[in-house]
Amino acid sequence: MTNYIFLEVKTIKRKKYDGYRSIDGFPILKRFKLAKELDRVPSREIVLSKSEEERVDELLEKNIVISFHDHPIVFPENMEDLIDYIRTGYTALAYEGLAYSGLDIVFDGLLDGIALIHGNDPWSWDNIITQIGTRLSDLAMQDMIIKVEGVEDIYRASREEKIGLILHLEGAPTGVGYDLQKLDILYGLGVRCIGITYSIGNELGGGIADKVDRGLTDLGYKFIERCNKLGILIDLAHVGDKTSLEAIEASDKPLAITHAGARSLWPSNRMKPDEVIYALADKDGVFGVEAAPHTTLTLNRRKHDLDAVMEHFQYIVDLVGIDYVAFGPDTLYGDHVALHKYFRRLLSIDKIISGDLPEYEEVEYVDGLENPTQFKNIVRWLVKNGYSDDEISKVIGGNIIRLLKTVWRR
Ligand SMILES: [Zn+2]
């Protein structure tokens, strides 16, 4: 018999939150009723003993806990309002949800791939700048969340009981390869992690949705060189296999796959083949395990839940070792499955999630890892499954800090 519970407010680790909401800063958002940030859906309980519960609290307390990739924003409760909401050019950061998450640092995937504020290219310069600008404006109105631009800021956020946000673009702006100065501008604005392509190939290289990945282009090589110089972490999560291998080879610094899983467990393009995972780890890069609905399924677990996600985690740990793995759940606040349905074509989900995939059972949400606040369920799972404090410390933040210390050094 499985118990379903609401557990999100049950934590001893709480940030200094004064009740600010993005709606206070941006009144245009007032016309939308937003989804609940806490306890929107119940999740299956990972039953722990009293001493295990204490260990979880202690681990959250003493470690700097980092999500390698999330969308820490709230969507409308009624997803019919989605397009209107996005077209405002503002999104609400989930201050309340994050205050209870146990997270210290979040890679903020902005509104990647679905920003249609200016025209129909989500990666247009105007769209990118609008998202960054409104996010920074929101941050300027409150004290709980700070922008992280260097490793020092990570320690400061933790020390001051705040949360640090790392500006992260899942794909490069359209045309950046022809105008690398845009990278300098993004760096100046605080962007510290960027994907080469977002599923569909661009002038830099191939994406996971391309039929043929032609590999890293000449402009792609220059892009990598400039990222290395500036100290921007390169993300391969949505990059094609061939381009990924060439990028790893070309880069002077380690890279990231902030959110994906293992293709050996689930044959989707969104997952990474062993060869890419090896190459990444060989260069001291870090792999973040993904949990967005219907991504990290496995042949054993065709109903997406925390256990399926953790099967990918265990597989990758067995493949390359505990030092190269982290978690980039890729979750948000609101109905994620409905969002995918709206943006199927744009996110190239059809090409990735349909096709020759084995049959799987659709879920309404990922039980146990539905939003960024449930990150702490990962810690509960690791404790329950016999991982040591040292191992847990590495995968919930330590490995990412090691990576950033190398990459962000100019
Ligand atoms: Zn993504």
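Reader: What is the handedness of the crossing of α7 and α8?
Author: In this predicted model, α7 and α8 pack with their axes 10 Å apart. The contact is made by L183, D184 and Y187 of α7 and by R226, C227 and L230 of α8. The crossing of these two helices is right-handed.

Reader: How are α7 and α8 oriented to each other, roughly parallel or roughly antiparallel?
Author: The angle at which α7 and α8 pack is about 30°. Angles under 35 degrees count as roughly parallel. The two helices are therefore roughly parallel.

Reader: What distance separates the end C-alpha atoms of α8, and what span should its residues cover?
Author: Helix α8 runs over residues 218-230, which makes 13 residues. At 1.5 Å a residue they should span 18 Å, and this agrees with the separation of the end C-alpha atoms, which is 19 Å.

Reader: What arc do the buried residues of α8 cover around the axis?
Author: The buried residues of α8 are G220, F223, I224 and C227. An α-helix has 3.6 residues a turn, so residues three or four places apart point the same way. The buried residues of α8 lie on the same side of the helix, because the arc they cover is only 100°.

Reader: Which elements are included in what covers the buried residues of α8?
Author: The residues to be covered are G220, F223, I224 and C227. Their cover includes two helices and two strands, namely α7 (181-189), α9 (241-250), β9 (191-195) and β10 (233-235).

Reader: Which residue just after α8 takes a positive phi?
Author: Helix α8 comprises residues 218-230. Just after this helix, a positive phi of about 90° is taken by G231.

Reader: How are α10 and α11 placed relative to each other?
Author: The axes of α10 (residues 274-282) and α11 (residues 306-320) come within 10 Å and cross at roughly 60°. The crossing is right-handed. Given the angle, the two helices are therefore oblique.

Reader: Which residues of α11 are met by D274, I277, Y278 and A281 of α10?
Author: Helix α11 consists of residues 306-320. The residues of α11 that meet those of α10 are I316, L319 and V320.

Reader: Which helices do the buried residues of α2 pack against?
Author: V56, L59 and L60 are the buried residues of α2. They line one face of the helix, because they fall within an arc of 95° when seen down its axis. On the other side, K50, S51, E61 and K62 are exposed. The buried residues pack against α14 (376-384) and α15 (389-407).

Reader: Does V65 count as buried or exposed?
Author: V65 lies in the loop between α2 (50-62) and β3 (66-70). Leaving aside neighbours within four places in sequence, its contacts are L60, G102, L103, D104, I396 and G397. Because V65 has 25 C-beta neighbours inside 10 Å, it counts as buried.

Reader: What distance separates the C-alpha atoms of V65 and I401?
Author: V65 and I401 are 336 residues apart along the chain. In space, their C-alpha atoms are separated by 9.9 Å.

Reader: How many other C-beta atoms lie within 10 Å of S22?
Author: S22 lies in helix α1 (residues 22-25). Leaving aside neighbours within four places in sequence, S22 is in contact with L29, A92, L93 and D138. A residue is buried if 20 or more other C-beta atoms lie within 10 Å of its own. S22 is therefore buried, for the number within 10 Å is 23.

Methods: Residues numbered from 1 in each chain as written. Predicted model: local features only at pLDDT ≥ 70, side-chain atom pairs only at ≥ 80, totals over all residues. Helix = DSSP H or I, 4+ residues; strand = E, 2+ residues; numbered from the N terminus. Expected span 1.5 Å × (residues − 1). Buried ≥ 20, exposed ≤ 12 C-beta atoms within 10 Å, placed from the backbone. Arc of directions from axis to C-beta. Contact = placed C-beta atoms within 7 Å. Axes fitted to C-alpha atoms, helices over the stretch in contact; angles between N-to-C directions. Parallel < 35°, antiparallel > 145°, perpendicular 65-115°, else oblique. Left-handed = near helix turned anticlockwise from the far one by under 90°.
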